[in-house]
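User: Please take a close look at one loop in this model, then work outward from there. Keep it brisk.

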Amino acid sequence: MATADQCTDANDVWLPIPPGEIECLPEGLHYVHWDAGPDYPADPARCVFYAVPYMKGAEVSLRPLSRMSRVRVVQTLTAGIEHMLPGLDRLPSGAQLCNARGLHDASTAELALTLILAALRDIPGFVRSQDAGEWRTGFRPALADKSVLIVGYGSIGSAIEDRLTPFECARVVRVARTARDTVRGPVHPLSDLSALLPAADVVVLAAPLTEETRGLVGSDFLARMKDGALLVNIARGGIVDTEALLAELESGRLRAALDVTDPEPLPAGHPLWHAPGVLITPHVGGPSSAFLPRAKRLLRDQLTLFAAREPLRNVIATAD
């Protein structure tokens with residue numbers, strides 16, 4: 001179990017948010033601020049709790065790990081931790097890697113709903129018409145009466161369904177790695193996905209990027225989606241085979257709304273930028289005004305457990 005005083009001369013906590021801005025941090029630890037600047041705020045060997053800078057990239061986030069010989073906890077501010085896994089073998093035995101489950105639920109689910117509504121109601125098309133000074137009316141699809149399939153029914157997937165509830169969807173179907181029951185209804189296993197895709201008007205990807213989900217949305221997956229269906233990805237770009245998606249977009253058979261892409265950042269001139277029927281946002285599901293108060297709460301709660309020698313939440317991996 002991670003503790004605050006396993007070594008009396010090492011009790012630094014590295015925070016990407018200035019410690020003075022986080023209320024009620026536990027006493028007995030020494031807090032320093034590092035948000036990926038070129039210089040370290042203290043000797044990395046004294047760090048026992050490392051809160052990873054948010055959205056600074058794997059190279060920067062992993063840089064101090066090889067010198068953190070006494071670190072007990074590495075806490076990300078992201079739900080996905082794939083960018084930190086290459087550093088797991090640099091950690092001392094027993095060090096824990098924790099993710100930020102719950103931190104981004106509200107913001108990411110809100111963006112998912114935004115992308116669904118914007119894509120269905122053709123908001124990008126109206127913006128282009130406004131820029132051109134054109135009054136272009138007509139019927140557009142509504143979310144009402146649509147069947148929505150959520151692939152990846154964790155805390156974010158559940159938060160997405162919360163926000164879909166008032167929109168009179170015909171049904172919401174849930175898929176996760178393993179089957180289970182919820183108060184809203186069954187969650188289907190990934191093995192059922194092939195049979196569920198043809199009935200979905202909207203498919204929302206909210207799964208983590210793992211070896212099981214990498215490239216999950218390939219040509220076979222996309223071919224099983226119904227004509228005119230909308231693919232929404234607020235998870236990770238690597239879940240989708242970009243070339244396979246481009247083929248479907250260019251044919252006009254499917255549409256997509258993507259907050260994440262592969263590659264990412266999407267380079268200038270990439271064909272996905274100008275593919276028909278696609279709406280792209282630059283990975284902004286998490287960074288919103290909802291982020292900071294929830295990040296502070298997460299860090300305070302985890303550090304309180306750490307200082308009290310209690311088990312931490314959201315432990316994803318432990319170093320050998």
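Analyst: P263 sits in the loop between β12 and β13. The model is predicted. The peptide bond leading from D262 into P263 is cis, with omega near 10°. P265 belongs to the loop between β12 and β13 as well. The peptide bond from E264 to P265 is also cis, here with omega near -5°.

D262 leads on to a cavity. D262 is one of the residues lining the largest cavity. V260 and T261 are also in that lining, as is L258. N233, G237, V240, T242, L245 and L272 complete the list. The volume of this largest cavity is about 50 Å³. Sorted by class, its lining holds five nonpolar residues, four polar ones and one charged one.

How many cavities of 30 Å³ or more are there? The count is two. The second largest has a volume of about 40 Å³. Its lining consists of L65, V74, M84, G87, L88, L91 and L97. Six of these residues are nonpolar and one is polar, with no charged residue.

Back to the largest cavity. T242 and L245 line it, and both are buried residues of helix α7, residues 242–251. The other buried residues of α7 are A244, L246, E248 and L249. Which elements help cover them? The cover includes helix α6 (219–224) and the strands β11 (230–233), β12 (255–258) and β13 (278–280). So the two strands that flank the loop of P263 are part of what covers α7.

Both ends of α7 have a feature to check. At the N-terminal end, D241 acts as the cap. One of its side-chain oxygens lies 3.1 Å from the backbone nitrogen of E243. Just after the helix, G252 takes a positive phi of about 85°.

Positive phi also turns up in two residues that are not glycines. D122 has a phi of about 60°. Its place is the loop between α2 (105–120) and α3 (123–132). D122 is partly exposed, because its relative accessibility is 22%. N314 likewise has a positive phi of about 60°. N314 lies in the loop between α8 (291–307) and β14 (315–318). Its relative accessible area is 22%, so N314 counts as partly exposed.

Another loop leads towards α6. T213 is in the stretch between β10 (202–205) and α6. Is T213 buried or exposed? T213 is buried, because its relative accessible area is 6%, under the 20% limit. A polar atom of the T213 side chain lies 2.8 Å from the backbone nitrogen of T210. Beyond its neighbours within four places in sequence, T213 is in contact with A207, P208, G238 and I239.

R174 is a charged residue in strand β7, residues 171–176. R174 has 6% relative accessibility, so this residue is buried. What does its side chain reach? It makes a polar contact with the side chain of E161 at 2.9 Å. It also reaches the backbone oxygen of P186 at 3.2 Å. E161 and P186 are both in the contact list of R174, which leaves out residues up to four places away in sequence. The rest of that list is I150, Y153, T182, R184, G185, V187 and H188. I150 is 24 residues from R174 along the chain, yet their C-alpha atoms are 5.1 Å apart.

Now the whole chain. Its secondary structure comprises eight helices and 14 strands. Of its 320 residues, 52% are buried. Take the contacts between residues at least 6 apart in sequence: 63% of them join residues at least 24 apart. The C-alpha trace spans about 70 × 45 × 35 Å along its principal axes. The radius of gyration is 22 Å. A compact globule of 320 residues would have a value near 20 Å, so the chain agrees with that rule.

To return to the loop: it holds P263 and P265, each entered through a cis peptide bond. D262, where the P263 bond begins, also lines the largest cavity.

Note on methods: Residues are numbered from 1 along each chain as its sequence is written. This is a predicted model: local features need pLDDT of at least 70, side-chain atom pairs count only at pLDDT 80 or more; totals for chains, interfaces and linings use all residues. Side-chain values use heavy atoms; hydrogens and water are left out. Helices (H or I, at least four residues) and strands (E, at least two) are DSSP runs, numbered from the N terminus. Buried means under 20% relative accessible area, exposed over 50%, partly exposed in between (1.4 Å probe, protein chains only). Contact means heavy atoms within 4.5 Å. A polar contact is a pair of N or O atoms within 3.5 Å; within protein, one must be able to donate a hydrogen and the other to accept it, and residues adjacent in sequence count only if both atoms are side-chain atoms. On a 1 Å grid over the protein atoms alone, a cavity is a set of points where a 1.4 Å probe fits but cannot get out, and a pocket is an open set with protein on both sides within 12 Å along at least five of seven lines; lining residues have an atom within 4 Å of a point. Grid points are joined across faces, edges and corners, and a volume is the space filled by probe spheres set on the points. The radius of gyration is taken over C-alpha atoms; the globule rule is 2.2 Å times the number of residues to the power 0.38.
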